[in-house]
Amino acid sequence: MTEPGRLWGLGVGPGDPELITVKALRLLRQASVVAYLVAKGKKGNAFSIVEAHLRADQVMVPLVFPVTSESLPPPLCYETEIARFYDEAAAEVARHLDDGRDVAVICEGDPFFYGSFMYLYDRLGQHYETEVVPGVSSIVACASVLGAPLAYRNQSLVVLSALLPEAELAQRLSAADAAAIMKLGAHFAKARRVVVALGLGALYVERATMPGQRTLALADVDPATVPYFAMILVPGRKWQA
Ligand SMILES: C[S@@+](CC[C@H](N)C(=O)[O-])C[C@H]1O[C@@H](n2cnc3c(N)ncnc32)[C@H](O)[C@@H]1O
């Protein structure tokens with residue numbers, strides 16, 4: 001009987017290919033199969049980050065999302081569509097593992113921090129020898145690019161999704177010492193309104209460490225141009241040591 005392959009969830013960092021860890025790079029090069037989640041018609045961020053490191057004989061398995069928006073016209077339901085997609089994606093990865101091939105699933109940033117690899121891990125992690133290699137996450141990459149130390153001493157950092165309702169964003173932000181607001185895109189204007197109303201000193205960056213990286217004053221950002229790969233940071237109050 002063929003020995004099953006191993007499943008590796010590799011964090012490949014926030015964009016700059018030099019921010020991949022030595023371990024992720026070693027396993028990436030060692031894998032027979034490289035799988036990655038990607039939007040229809042796109043090359044994929046994780047794929048672009050590691051492209052230069054791939055071997056010609058590795059099998060590429062793009063797992064193409066059927067939907068990219070959480071609001072779908074009825075009778076479609078995002079939760080149903082996405083669960084079916086992850087079931088099928090996991091089955092595709094499992095076929096390679098069952099045939100004895102090691103599969104590296106590459107994931108932008110860190111795999112266990114809002115990473116889509118988590119949904120494959122939930123389906124396959126119990127059934128195959130699995131290892132997760134942490135990656136440099138976008139939050140710390142954004143803080144570095146912005147030159148903004150995030151949390152001093154006993155301060156608490158709150159991580160928020162811009163998809164939250166405006167009142168909830170306001171309530172959570174008002175209780176935070178420091179905060180990161182992720183998944184901006186079309187939700188930028190709402191997030192900015194909240195930050196401005198609370199009088200917080202917030203910073204904005206898009207595509208941190210990627211080609212096209214941009215930092216702007218919050219007031220200068222045109223909401224129509226805000227990409228998904230953008231973040232607002234509210235750094236903690238400087239603590240003088
Ligand atoms: C699905 S989460 C993925 C997070 C990723 N696993 C990580 O560890 O950073 C996607 C969100 O991360 C943030 N993000 C990821 N990469 C980024 C980058 N290079 N620059 C700015 N924001 C980024 C954006 O807020 C984006 O909406």
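This is a short talk on the ligand site and three loop residues of the structure shown above. Keep in mind that the model is predicted.

I will start with the ligand. It is surrounded by 18 residues. The closest are Glu 108, Phe 113, Ser 137, Ser 138 and Tyr 228. If you sort the shell by class, you get 11 nonpolar residues, 3 polar ones and 4 charged ones.

Now the polar contacts. Which residue places a side-chain N or O atom 2.8 Å from an oxygen atom of the ligand? That is Ser 137, which is also listed among the closest residues. Two further contacts go to the backbone. At Lys 183, a backbone N or O atom sits 2.9 Å from a ligand oxygen. At Pro 14, a polar backbone atom is 3.0 Å from a nitrogen atom of the ligand.

How much of the ligand's accessible area does the protein cover? On its own the ligand has 570 Å² of accessible area, and the protein covers 96% of that. As for where the shell comes from, the elements that supply two or more residues are helix H5, residues 138–146, and strand E10, residues 230–234.

Next, Asp 102. You will find it in the loop between helix H3, 78–98, and strand E4, 103–107. Is Asp 102 buried or exposed? Its relative accessible area is 13%, and the cut-off for buried is under 20%, so Asp 102 counts as buried. What does it touch, leaving aside neighbours within four places in sequence? Asp 102 is in contact with Gly 5, Arg 6 and Trp 8, and also with Ala 31, Ser 32 and Val 33.

Last, two residues with backbone angles to look at on the screen. Tyr 114 is not a glycine, yet has a positive phi of about 55 degrees. Its place is the loop between E4 and helix H4, 117–124. With a relative accessible area of 42%, Tyr 114 is partly exposed.

Arg 153 is the other one. It is not a glycine either, and its phi is positive, about 45 degrees. This residue lies in the loop that runs between H5 and strand E6, 157–161. H5 is the helix I mentioned as giving two or more residues to the ligand shell. Arg 153 has 63% relative accessibility; exposed means over 50%, so Arg 153 counts as exposed.

To recap the three loop residues: Asp 102 is buried, Tyr 114 is partly exposed, and Arg 153 is exposed. That is the end of the talk.

Terms used
Residues are numbered from 1 along each chain as its sequence is written. This is a predicted model: local features need pLDDT of at least 70, side-chain atom pairs count only at pLDDT 80 or more; totals for chains, interfaces and linings use all residues. Side-chain values use heavy atoms; hydrogens and water are left out. A residue is near a molecule or strand if one of its heavy atoms lies within 4 Å of it. A polar contact is a pair of N or O atoms within 3.5 Å; within protein, one must be able to donate a hydrogen and the other to accept it, and residues adjacent in sequence count only if both atoms are side-chain atoms. Accessible areas come from the Shrake-Rupley method with a 1.4 Å probe; for residues, only the protein chains shown count as cover. Helices (H or I, at least four residues) and strands (E, at least two) are DSSP runs, numbered from the N terminus. Ala, Val, Leu, Ile, Met, Phe, Trp, Tyr, Cys and Pro count as nonpolar, Asp, Glu, Lys and Arg as charged, and the others, Gly among them, as polar. Buried means under 20% relative accessible area, exposed over 50%, partly exposed in between (1.4 Å probe, protein chains only). Contact means heavy atoms within 4.5 Å.
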